[in-house]
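Hi everyone, thanks for coming. I'd like to walk you through a structure that's probably new to most of you, so let's bring it up on the screen.

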Amino acid sequence: MSKFHEYKKFIQEGDRVLVYMNRDSIVPIIVNQDECLKIKFGEYPHTKMIGLEYGSQIESSKGKGYVYLLHPTPELWTIAVPHRTQILYTPDISFISLKLNLRPGSVVIESGTGSGAFSHAIARTISNSGFLHTFEYHKHRADFAIKELEAHNLKDIVNVVHRDVCKDGFGLEGVADADLPAPWEAIPSASKAFKKSIAGRICTFSPCIEQVQRTADALNMNNFFDIETIECLARDYTSLNQTMPDIQTIINGDKVKFKFVKGKKRMLLQDGEDNAHSSILVSSPSLQTKGHTSYLTFATYYNP
Ligand code: SAM
C-alpha cells in the first residue's frame, strides 16, 4: 500500500493515486480493479493503472484526454483532500513546521484535526519514532480522519482522538515537544501536556487581532514566553517581456520612438537604428496579496 511518508515506484491494487488534470484539479482515488474513474477529461479504468510507474501519463479509454498518476504527498493532498473544513495550505504548513522545530522523532499535539491536511504533513515530518496526537470534537470529522489516516498507512504515527479540548483538556501530561491551534481556553491544559525539562513550542491560530490579544494574555498567564505573532501572506509574481528605452533617450529626456520590424514593435535608438535588444524579461507582483489563513501566534514553554 502506498504511504505518504515513503515513496514506492509502481502502482498496485489498493494504492492511493492522485489523478492530476491541472494544478487546481487533482482527484484522489484508491486503485480498485473493478472501478473506472469518469471525469470531464475522459474515462480511466483502474486496471490500466496497475503496474504503471507513479508519475506516468495515461490516455482516456474513451475520446481524447490524458491525466498523470501521481504519488501522494502532503503538498498534493492539500489540493486533493475532500474538504470537511477550512484547511491549512503548504505555505502556512511549512512555516509553522519550521517555527515549531518539527523534525523526525517530535511528539506533537494538534487541535483540531479538521480535514486532516496538516496532520498528513506533520506525520511525514515526524515519521521515524515521532507521534501525533490529534483532537477533533466533531464526531463525523474525527471518524472520517481515522479511516483516511488508516487508509494512508499512518496509524502507527497518528492517533485521532474525538474530544473537546477546551471543555475536557487534552488528557495528556508530559508527552509533547510541540502543540498546535488552541483557543485561549485550551492553553492551561496545553501547558500540562509538555515534557518536563525540555523547551516546547506552541502555535495558535486566530482569525482576528482581538483573539490574538486574548491568546497572548493566556500564554503570559500560563508561563509561556518568547511570544510572537506572524501573518503569512502570499503574493503572485508574473514574468513578462517589457520594452525598455535606451539609456541615452532617458538621459536626454526624449520621447521614445518605435518602428515595426517583421510585425514586432521595436524601440528606436538615438541614431535612428532599431534596438533589437530593447525587450527584457521582468517580474511584476500582482496587485492583490492573497493568504491570511489566520494570525499565527508562537510561544515557548519550559517546565524545569
Ligand atoms: N488543521 C486542519 C486541516 O489542516 O485540515 C483544519 C482545522 S479546522 C480549521 C478546525 C477544526 O477544529 C474543526 O474541524 C473543528 O471541529 C475543530 N475544533 C474546534 N474547536 C475544537 C475543540 N474545542 N476541540 C476539538 N476540536 C475542535
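Let me start with a single residue: Ser129 is exposed, because its relative accessible area is 70%, and the cut-off for exposed is over 50%. You'll find Ser129 in the loop between α3 and β8, the strand covering 131–136. Its backbone is a bit of a curiosity, too: Ser129 isn't a glycine, yet its phi is positive, at about 80 degrees. Right next door, just after α3, Asn128 also takes a positive phi of about 80 degrees.

Before I go further, please keep in mind that this is a predicted model.

Okay, let's zoom out. The chain has 304 residues, and 42% of them count as buried. In secondary structure, we're looking at 8 helices and 18 strands. What about the overall dimensions? The C-alpha atoms fill a box of roughly 80 × 55 × 30 Å along the principal axes. The radius of gyration is 26 Å, whereas a compact globule with this number of residues would come in near 19 Å.

As for the contacts, take those between residues at least 6 apart in sequence: 59% of them join residues at least 24 apart. On the outside, the chain exposes about 16,700 Å², and carbon and sulfur atoms supply 51% of that. And the charges: there are 34 positive and 34 negative ones, and their mean positions are 5 Å apart.

Now back to α3, which runs over 117–126. How many of its 10 residues are buried? It's 8, so this helix is largely enclosed by the rest of the structure. The buried ones are Ala117, Phe118, Ser119, His120, Ala121, Ile122, Ala123 and Ile126. And what do they pack against? Quite a list: the helices α1 (74–80), α2 (90–99) and α4 (139–151), plus the strands β7, β8 and β9, the last of these at 158–162.

If you step back from α3 to the loop between β7 (107–111) and that helix, you come to Gly112. The peptide bond joining Ser111 and Gly112 is cis, with omega at about -5 degrees.

There's another serine with an unusual backbone. Ser197 has a positive phi of about 65 degrees, and again we're not talking about a glycine. Ser197 belongs to the loop between α6 (187–193) and β11 (200–206). It counts as partly exposed because its relative accessible area is 46%.

Next up, aromatics. A search of the whole structure turns up 9 aromatic pairs. Let me show you the pair of Tyr7 and Tyr54: the ring centres are 6.5 Å apart and the planes sit at 55 degrees, so we call this pair tilted. Tyr7 is in the segment before β1 (16–22), while Tyr54 is in the loop between β4 (42–45) and β5 (57–59), so the pair ties together parts that are 47 residues apart in sequence. And the two partners have opposite surroundings: Tyr7 is exposed, at 59% relative accessibility, but Tyr54 is buried, at 5%.

The pair of Phe194 and Phe224 is edge-to-face, with 6.0 Å from centre to centre and 70 degrees between the planes. Phe194 sits in the loop between α6 and β11, and Phe224 in strand β12, residues 224–234, so here the pair ties together parts that are 30 residues apart in sequence. Are these two rings buried or exposed? Phe194 is buried, with a relative accessible area of 2%, and Phe224 is buried as well, at 3%.

One more item for the aromatics: Tyr20, Tyr66 and Tyr68 form one aromatic cluster.

Let me finish further along the chain, in strand β17, residues 279–285, where we find Ser283. Ser283 is partly exposed, with a relative accessible area of 46%. Which residues does Ser283 touch, not counting those up to four places away in sequence? They are Tyr237, Thr238 and Ser239. Ala234, by the way, is 49 residues from Ser283 in sequence, and the two are 16 Å apart in space, C-alpha to C-alpha.

That's my tour. Happy to go back to any part of the picture.

Conventions:
Residues are numbered from 1 along each chain as its sequence is written. This is a predicted model: local features need pLDDT of at least 70, side-chain atom pairs count only at pLDDT 80 or more; totals for chains, interfaces and linings use all residues. Side-chain values use heavy atoms; hydrogens and water are left out. Helices (H or I, at least four residues) and strands (E, at least two) are DSSP runs, numbered from the N terminus. The radius of gyration is taken over C-alpha atoms; the globule rule is 2.2 Å times the number of residues to the power 0.38. Buried means under 20% relative accessible area, exposed over 50%, partly exposed in between (1.4 Å probe, protein chains only). Contact means heavy atoms within 4.5 Å. Accessible areas come from the Shrake-Rupley method with a 1.4 Å probe; for residues, only the protein chains shown count as cover. Lys and Arg count as positive and Asp and Glu as negative; His and the chain ends are not counted. The place of a charge is taken as NZ of Lys, CZ of Arg, CG of Asp or CD of Glu. Rings of Phe, Tyr and Trp (its six-membered ring) pair if their centres lie within 6.5 Å; planes under 30 degrees apart count as stacked, over 60 as edge-to-face and the rest as tilted.
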